[in-house]
Amino acid sequence: MIKQPAQLSWVLYEKVLFTPEYYAELDDLAANGVKNVVVNNYVIKYLIKNMSLCERMRKDAEERGLVLKDAHAPFGPSENLGYPVLRDRKWIHEMQKDCLKVGGLLGLTTLTMHIGRLCFHPDIAESTPETVKKYTFEILDDMLPVAEENKVIIALENLFHPTATSDELPEYIEHYNSEYLGICFDAGHANVVEKEATKTPDQMDEMIKLAWPDRTITYRENCIEKMAPHIVTTHLHDNNGRGDHHQLPGVNGNIDWKRICNILATGCPRLVTNQSEVHKDDFGGITKNGIEHFANYGFFI
């Protein structure tokens, strides 16, 4: 595989800060040569309410030669961008802007965010692709100045539902043309919605079916190619194209990693980081094993 130009950020899986387990995991990352760290959404959510602790976390990393490089913002039915319930949108705006402030205090480069899923709100008349788009633009208008102030890139993640696939995300990036807004390419999510000759909607995992109105999946084509000019970071994991399984590349999945790796290396001018997003159990919880597996695909720490 072609060597990647952007380093691989490795996940800090521990969800609770400043415990013995947290420090043991930081030490393990450093001992295995990790440089860049991904902060999970649980930690970001905690730090929103405890911003004074950001400096301590950043110092913990720096003492071990680690950089807090990427993170995932909180996500869920009432936290995603484009949430269609009017009474809650102000709260979501403030919460996501606080995420960006936390990102600035931690020294992050990218912060990945989700656009809302229609299936979360089937009883809300406003819950349509058009209104989700309208409110996503509304919150991006509000957040981008905060992202610029804190020098954190908002990375919109491609998902497996019809408000945030490769066909929808480029419109947001091209509308703003901002260096602080890009795409987080999720290899697994792209594979789930990618058109495939032998794949039929009835084969899909129930969670995927439920993400589409009337459970009718509309597959996309050339997913990474459509997003490539705007990709700033990645979530790298594999699946069989029928569900969101977060497996190691090339073990039980069917993603064409040669195609993905070639495009990431040669066709993504804005790419600054790559991120592992594999379940810890998939490599037995042994960091070295996971890192060595990714190295076989040209991803280096």
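Which residue is the bridge partner of F185 in strand 7? I looked it up, and F185 is bridged to T234 of that strand.

**Ground rules.** I am working with a predicted model, where local features need pLDDT of at least 70, side-chain atom pairs count only at pLDDT 80 or more, and totals for chains, interfaces and linings use all residues. I number residues from 1 along each chain as its sequence is written, and side-chain values use heavy atoms, with hydrogens and water left out.

**Strands 6 and 7.** I see strand 6 (residues 181–186) running parallel to strand 7, with 4 bridges joining them. DSSP needs at least two bridges between strands for a pair. Strand 7 covers residues 231–235, and 5 of its 5 residues are buried (under 20% relative accessible area, 1.4 Å probe, protein chains only).

**Whole chain.** I find 11 helices and 8 strands; these are DSSP runs numbered from the N terminus, helices being H or I of at least four residues and strands E of at least two. Of the 301 residues, 56% are buried.

The radius of gyration is 18 Å, which agrees with the value near 19 Å for a compact globule of 301 residues (taken over C-alpha atoms; the rule is 2.2 Å times the number of residues to the power 0.38). I also noted that the C-alpha atoms fill a box of roughly 50 × 45 × 35 Å along the principal axes.

**Contacts.** I looked at contacts (heavy atoms within 4.5 Å) with a separation of 6 or more, and 80% of them link residues 24 or more positions apart.

Key. Buried < 20%, exposed > 50% of the residue type's maximum accessible area, 1.4 Å probe, protein only.
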